[in-house]
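User: I would like a close look at how the strands of this structure are arranged into sheets. Please explain it in a connected way that a first-year student can follow.

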Amino acid sequence: MINIRRYLFSILYRLVRFFVKNIVFGFQIILRKDKDLESIVDFGDKNLIRINKYLGTFAYNFSIPKNIGLDIFDLRFDSPLVAASFKSEKDLLDIWLKLGLGGVIFKTIMKDKRHGNERPRMQQVRLERKPGIVNALGLPGEGIDKFKKDILKSHLWRHDRPLGISIGGEDFDEYVHSFNNIEEAIHNRVPDNYFYEINISCPNTDTGQSLGDDLVMLEKLTGHLRVNCSASISLKVSPDWSDDHLRNIGDIIRQKEKMFINAGNTQFRTIDSLGLKSNQLTRQGGGLSGVAIFPRTLKMIHIYKDMNINIMATGGISTIHHFQAARDSGASLVGMATALIMDPYCIPKINYELQGS
């Protein structure tokens, strides 16, 4: 029954999403509004959370097979599947953990509250006959003050799986300020199975630059983090960087303890290259996620495998075949984002397929 349930719910979810997407897009056309995928994603998230409230045990609870877990430093991941950093709603993260994720990473936190870019700022695209998502959200979020209060009382700790805290910033000082404040707030006050992800590769900053572009400042930042924290730390790098630049970053972190790489992030694409109209993104480009960027993800994995660095692979992974290719290339963990929007039941499907792999 459990085996049938995950496939039936997967089919049902994808059918409902297909009809809702097309109905909403139809109304947007009739009302002469800009096409906006974000409204559909928000609608889906709210209804998933509503189902969790009343039917969560039946709809979402799936056990994780005993033989697929692994350890990264002092962190135990019951499954190698992890939610990449793109959502902050605790109830939604709770659903994905129930479905069988080995851990989740909170949406990147900036120092102050941000509203992000003007909408529309998220669209679904189709490249190489596969769906993907492009976003120019601009890192909307509540800021660290609210995050500190929320994480202390979060019900996500009850899952006893690693929680990743993703930190972003406009400059070195903002990273340090956010890290210092969060670490001071949670150290010895929450379970010790948390880790930091330092998002050094997000282009959605006011300058369009990221700290990872500056190796001197990156060396300084990682030194500060490692001295002032005993938790494991990952660096989230960009697929847009050259192979040489990625290796230089690898040289920085492999000299330090309990640090690993998240390879990688969304890949910047212009609206012209994606076949979008100028009014479909308020900026003239955004970060592409989905299967189309998976080949670059594999190349990044090979770079860091050769450097003997622990790797989480993020970018285009949605099936057991993607996972196996990433694992065979050298990744230990995989981060998932677009796949969780398209069909969160890929989690129990991949977990159970891993039993015999």
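**Strands, sheets and a packed helix**

Analyst: In this predicted model, strand E7, covering residues 163-167, is paired with strand E8, residues 194-199, in the parallel sense over 5 bridges. Within this pair, Ser166 stands opposite Glu197 of E8. Both strands belong to a closed barrel of 8 strands, which runs E3-E4-E7-E8-E9-E10-E13-E14 with parallel pairing. On average, neighbouring strands of this sheet are turned by 25° against each other, direction ignored.

As general background, the strands of a sheet pair through backbone hydrogen bonds, and the pairing is either parallel or antiparallel. The second sense appears in another part of the model: an open sheet is formed by 4 strands in the order E5-E6-E12-E11, with antiparallel pairing. E5 and E11 (267-270) stand at the edges of this open sheet; each has a single partner strand, so one side of each is left without a neighbour in the sheet. From one strand to the next, the twist averages 40°.

The open sheet can now be followed strand by strand. Strand E5 (residues 122-127) and strand E6 (residues 130-135) pair in the antiparallel sense over 6 bridges. Leu127 has Lys130 in E6 as its bridge partner. The two strands E5 and E6 form a hairpin with 2 residues between them. In the turn of this hairpin, Glu128 has a positive phi of about 55°.

E6 also pairs with strand E12 (residues 285-290), in the antiparallel sense and over 4 bridges. Here Asn135 has Gly287 of E12 as its bridge partner. E12 is in turn joined to E11 by 4 bridges, and E11 and E12 run antiparallel. In that pairing, the bridge partner of Thr270 is Gly285 in E12. Helix H2, made of residues 37-60, packs on the sheet and touches E5 and E6. The direction of H2 makes about 105° with that of E5.

One residue of another helix completes this account. Ile341 lies in helix H11, residues 338-342. Is Ile341 buried or exposed? Its relative accessibility is 11%, and because residues under 20% are classed as buried, Ile341 counts as buried. Leaving aside residues up to four places away in sequence, Ile341 touches Tyr13, Arg17, Val41, Phe86 and Ile133. By contact, then, Ile341 meets Val41 and Ile133, whose numbers fall within the ranges of H2 (residues 37-60) and E6 (residues 130-135).

Key:
Residues are numbered from 1 along each chain as its sequence is written. This is a predicted model: local features need pLDDT of at least 70, side-chain atom pairs count only at pLDDT 80 or more; totals for chains, interfaces and linings use all residues. Side-chain values use heavy atoms; hydrogens and water are left out. Two strands pair if DSSP finds at least two bridges between them. Axes are lines fitted to C-alpha atoms, for helices over the stretch in contact, and angles run from 0 to 180 degrees between N-to-C directions. Buried means under 20% relative accessible area, exposed over 50%, partly exposed in between (1.4 Å probe, protein chains only). Contact means heavy atoms within 4.5 Å.
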